[in-house]
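Please open the model in a viewer and keep the sequence panel visible. The tour below proceeds by selection, one stop at a time.

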Amino acid sequence: MSKSLKQPNRLREGGRIDRSRKLSFTFNGQRYQGHAGDTLASALLANGVDIVNRSFKYSRPRGIVAAGAEEPNALVQLGSSEAAQVPNVRATQQALFEGLVARSTNGWPSVQRDLMGMVGKLSGSLMPPGFYYKTFMAPASMWMTYEKYIRKGAGLGRSPMEPDPDIYDHLHQHCDLLVVGAGPAGLAAALTAARSGARVILCDEQEEMGGSLLDSRELLDHQPAAQWAARVLEELAGLDNVTLLARTTANGYHDHHFVTLHERRTEHLGETAAVKGGYRPARSRMHRVRAGQVILATGAHERPLVYANNDVPGNLLAGAVSTYIRRYGVVPGNKLVLSTSNDHAYRAALDWQDAGREVVAIVDARLSPSGDLVEQARERGIRIIEGSAVLEAKGGSRVSAARVAAIDIGAFKVTGQAETLACDTIASSGGYSPVIHLASHTGARPTWNEEILGFVPGLVKGVHAAGSAHGVHDLGEGLADGVAVAARALEALGVSARAVELPQVDARREGLACALYQVPHEKPTLRAPKQFVDLQNDVTAAAIEIATREGFESIEHVKRYTAMGFGTDQGKLGNINGMAIAARCLGRSIPEVGTTVFRPNYTPVTFGAIAGRHCRELFDPERYTALHQWHVEHGAEFEDVGQWKRPWYFPQTVNGKQETMHEAVARECLAVREKVGILDASTLGKIDIQGPDAREFLNRVYTNKWLKLEVGRVRYGLMCKDDGMLMDDGTTSCLGENHFLMTTTTGGAAGVLEWLELWHQTEWPELQVYFTSVTDHWATMTVTGPEARKLLAEVTDIDLARDQFKFMDWREGTVAGVPARVFRISFTGELAYEINVQANYAMHVWKTLFEHGDKYGLTPYGTETMHVLRAEKGFIIAGQDSDGSVTPEDLGMQWAVGYDKPFSWIGKRSLSRSDTRRSDRKQLVGLKPKDPTVVLEEGAQIVFDPEHAIPMPMVGHVTSSYYSPTLGGGFALAVVKGGHQRMGETVYLPMADGKTHAAEIVGTIFYDPKGERQNV
Amino acid sequence: MSDSTATRANVYDVRPASEVPAESPLAWSCHTSGRPSVSANSRVVLRERAMLGHLILRGGAIVLDEAVRGVLGFGLPARPNALSLSDDGERSIQWLSPDEWLVIVPGGEEFALEQRLREALGDAHYAIVNVGGGQTLLELEGDKARELLMKSTPYDVHPDAFPVGKGVTTVFAKSSLILRRPDEARWELVVRRSFADYLYRWLLDAGAEYAIGVEQ
Amino acid sequence: MFHIYCPYCEELREEEEFHPKGQAHIERPKDPEACSDEEWGDYLFFRDNPRGIHHELWVHAVGCRKFFNITRNTVTYDILETYKMGEQPRVTAESLASQQTQGNVQVASGGQQTVGASSAAAEAIKGEQA
């Protein structure tokens, strides 16, 4: 076995790893070995890897500090291939699997010795707090350049450049009670609720559920605590009303108890989910949980002590030392100095000694500590240095010694002579901060609790905290708290709680902790070696002091100035120390200074899990008409109209060459003008309106008159909002005295139906009328062109005689043997029949028309041709030629406005407002380019005087513009200030390429102004 | 049908008298996306019940209930989100809103049903709309059907929240549909024609984990 | 993501099913032609933006398609009640304020959404004012 495959820090026994399963992995190009049950972090420590990263700002070497989500340094980039790259993974949260490949996120070009290290050493003074703002402010144009190198150097990870082979999904979950965290309090709460019959979800972010019970020294019912956890989990797993989600982090707490959980489903097995039975399971899953009540049993994060050089590899959290020893069988060094402000951290020294390694000393900031754990350490003969703290760590790439001295916390000064203790590991504990992140997401402010020296979560109704999450750190009390909190949550749900017998916990005496956030140094903070508060963002105690000296008093401002608690860290480790330091510098108390707000997500979530299944071809719904298959088979190019796929044009292959869009559209246009064309118009919105007051209702929502429309007739109508601006247009047909069929624009269908319901339900409930969408029920085919009548006559029993079936009539009969309603309405200006049949029969009718259509030159056309033809006729498209600021009068459509209707219909009053009466409003006109070969750009701005100095006053813009094969040139519709009074004038369109087009203002109807062709 | 009814509303049979090829909303989808076959591993089975008669009833509950009882032989569900079925399960009425119900009957029955209802309703204010071309009925069956639904809809499909005899209009993937539970074994999805292909592809994709099969 | 009680469907539904439609109880003038430009402009364009209790019009768009009203605290996002068209809110900024002056913690139940929620809101409001 090569040297690198040894695990020098692995204990011979102990831990929850599977020693029979060896796993090899690669870190920064070096191969190592670990065991099943390891995290990447525990395996790296087992292999004696001290440096796992370079720091964000100063590029200092960094090692593993913690064992969970709070780890600030060990951020890695995973992936053996480009497609498998995953950035920003905490090594402490990544289960080891065979073949895992990881690199330091921030090590460019190498972790051991790098470019930025030089920069950091030379230019440390160039990087004060606020360095982004100060250093890179000017010139602004260089920012992109700076940013590129800073980002690369600072190591925020990178996303893969190739498609991710994995899939992701969402699961919508509902429960009575969501319990976040499966430590002692969470398990007790979940068990209580589960036995009471409530629907319970219990989630926990770790590989294994049990939380602190997995590495506790304490016994439950005289057995290792993990055994009780296993029994509870077994019971919960057997209950139908319980969903257990391991490897699942609650990342966001949103409104009304909507919580997003991120479950890592295969990330512990390999970098890409293995295909099983022809199916690749989802790599991770977002659970979107709607809960009745929520218990946050999220535990606490241990606070490190802030002392000089506390970032040198070998400085760890005391609790993490215990976790590595007891859970993973890894002891991360040989000689330990423990610096603590509390009893609980003593277990790190006891565990260390149990692991057969040397405890040099326990340095306790308190005078005469006296709890049970302290006594145990004394009995073992461990040296305890009272009233003192580690002032400074020595060493470069690994701790070599600790400088220890007596301190006066109140006076914030060193009172004794420093002693240097040789060691390779310094474990520290400054107390425990409840994990209040999720509770903060709800907007509830946390409150400072002096008794536990930490913030406890503010709680909105329905949210409860249990155990350490609100400062109940004692094991026995935490278990009881879990039961009690669950009972309260159940009571709120109206469920009576069943009693749960709790395991027996040996009573333990614990001394009071003292408040120590920053350890004083012989030198003032600004001159002492760096004392890190936020390791991930490289924020030091000095930086916070400078920020307060520079006048930043609000903790939110201090945060932004120093970057403390930014990014993926979200202040897990350093926030409380940082606030306490700010408070001391400002001469205030911690509650006075307050805390910053934590935001979702608690830990980074892969974009895949957020997107779920809503990606690629399922990114957005595509709506198809009943004729879609025909369009596809006939080579249609499609245009997106809302979610609909509409045929845009049908390019044909002529002499082995496929037509361009221009050629196809010209051919389609001429076919309609000269022969006959057919359009799939099924996407138009259709609303069935029934009721004795239907007519009155139409009269109120349309601008024009409806009282006299006869059965069998069709009318075009404009619909405005009450501000007088055009909203939608379409035709409505009178099917019966109390029965109408309204059509809307394709994009406006849902909005118009909701609009009608809005007025009916809120303003005019007394009107007897019902609206029902029939958009999908009817397929609509428009047959239009001079030959349309002849073609239709071959397949219908309807009398098509000109005086029998007039323009703007509708008739009922069969087409191709299928019952149909045929409407003589025209959007092309030619003779036109809109054939409506029940959609299931549309394909038959369409194909039958083509069987008969060849001899008439029947040509399918798409939306582009439809646009050209309608624009030639000056027919508007609501939403293209209008934009919510255009009245019917601006459009020159006074003929469709019933000024003398008795009811003040929607929009009418606004037409007499001073603003809508202005003569210089933008009005719809036609534009004829002076150069007929020019097709103006839609959206192009219009000016009256092209010689005017820039900025030129803009007086309108082109709304629709096409080449017309019929007219033999370009033409456009546009809105121009006072345009209706400017017929014949020339306007100018300066383009981005420097050219300026000239065009004449003309009427909007370019073709057949008298409308003779549609009326034949 | 009385004369006054005839002139007040335009009612006619949208189905052809002779045999004409008809295509369900899923015709294109089955053509392009195929139909995964049902196997022993299939823990979800999807089938379409195409070409049924679908009518929307609008009006006051009391008036409609009387007419429906007289014509169909069973009553209008009065409670929100309720689904009533005929004894043979072939005909159903679902509450959609306080003045709206969905009636689904075997294909071909809907026109006669509409006529008889209109006759029974006389001069009352109501609306009946044939929507059979605009939607189709899908069925899901199998022990993983509920989990497939959980991937797709934010509505709670747990049996406690969604007992047999319930039906709701809700969000499904990025679309919407009517979801109903006619019996213990089956879930019914009433989907709009234009969204049918998207929803079919969604169901196949989300159901792949359960070896979803599509029955002819 | 709100959880909204639809007073017509008589159950809580996800926010995805609803569309917000702005301030509730905006009545169209009975005789628009008699309005001055200013009155008509007020009706068209001017809306309240309170910190605290707000009455909003929503529609159960993917559902029963009915419009209804919500009384919502814009600070806490608590929905205090939902009520049908034509009904008046039971919880208003004034009613909560008067209860506070009377020292009455009991808040009238305002619809079914509010079971339990209204007293929380009352406390929240009181917290705001304290």
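Begin in chain A by selecting strand E49 (residues 956-964) and strand E50 (residues 969-977), which pair in the antiparallel sense over eight bridges. Strands are DSSP runs of E with at least two residues, helices are runs of H or I with at least four residues, and both are numbered from the N terminus. Two strands count as paired if DSSP finds at least two bridges between them. Within this pair, A:Ser960 stands opposite A:Leu973 in E50(A).

The model is predicted, so local features need pLDDT of at least 70 and side-chain atom pairs count only at pLDDT 80 or more, whereas totals for chains, interfaces and linings use all residues. Residues are numbered from 1 along each chain as its sequence is written, chains are lettered from A and ligands numbered from 1 in the order in which they are written, and side-chain values use heavy atoms, with hydrogens and water left out.

**The antiparallel sheet of chain A**

Extend the selection to the whole sheet: six strands of chain A form an open, antiparallel sheet in the order E48-E49-E50-E47-E52-E51. Strand E48 (941-942) and strand E51 (986-990) of chain A stand at the edges with a single partner strand each, so one side of each has no neighbour in the sheet.

Next, add helix H23 (residues 863-872) of chain A, which lies across E49 and E50 and runs at about 110° to E49(A). Such angles run from 0 to 180 degrees between N-to-C directions, with axes fitted to C-alpha atoms and, for helices, over the stretch in contact.

In the loop between E48 and E49 of chain A, select A:Pro951. The peptide bond from A:Ile950 to A:Pro951 is cis, with omega near 5°.

**The parallel sheet of chain A**

Which strands make up the open sheet with parallel pairing in chain A? The order of its five strands is E17-E25-E18-E19-E20. Strand E17 (315-317) and strand E20 (384-386) of chain A are the edge strands, each pairing on one side only. From one strand to the next, the twist averages 20°. At one edge, E17(A) pairs with strand E25 (residues 425-429) of chain A in the parallel sense over three bridges. Select A:Leu317 to see the residue that stands opposite A:Ser428 in E25(A).

**Backbone exceptions**

Most residues other than glycine have a negative phi, and most peptide bonds are trans. The following selections are therefore worth viewing with the backbone displayed.

- A:Ser368 lies in the loop between strand E19 (358-364) and helix H9 (372-379) of chain A. Its phi is near 50°, a positive value in a residue other than glycine. A:Ser368 is exposed, with a relative accessible area of 54%.
- B:Ala173 is in the loop between strand E8 (166-172) and strand E9 (175-181) of chain B. Its phi is likewise positive, near 50°. B:Ala173 counts as buried at 11% relative accessibility.
- A:Asn601 lies in the loop between helix H15 (590-593) and helix H16 (607-611) of chain A. A cis peptide bond joins A:Pro600 and A:Asn601, with omega about 0°.

Buried means under 20% relative accessible area, exposed over 50%, and partly exposed in between (1.4 Å probe, protein chains only).

**From chain B to chain A**

Now display chains A and B together. In this interface, 60 residues of chain B are in contact with 62 residues of chain A, contact meaning heavy atoms within 4.5 Å. The area buried between chain B and chain A is about 5300 Å², with carbon and sulfur atoms giving 55%. Buried area is the accessible area (1.4 Å probe) that two parts lose on being put together, summed over both.

There are six salt bridges between chain B and chain A. A salt bridge is a side-chain nitrogen of Lys or Arg within 4 Å of a carboxyl oxygen of Asp or Glu. Select B:Arg192 and A:Asp776, whose side chains meet in a salt bridge (3.3 Å, N to O).

**Chain C and its contact with chain B**

Finally, select chain C, which has three helices and six strands. From the N terminus on, its elements run β-β-β-α-β-β-β-α-α. Of its 130 residues, 51% are buried.

Towards chain B, 13 residues of chain C are in contact with 18 residues of chain B. C:Arg13, C:Val62 and C:Lys66 lose the most area to chain B, together 30% of what the chain C side buries. Between chain C and chain B there are four salt bridges; to view one, select C:Glu11 and B:Lys166 (3.0 Å, N to O).
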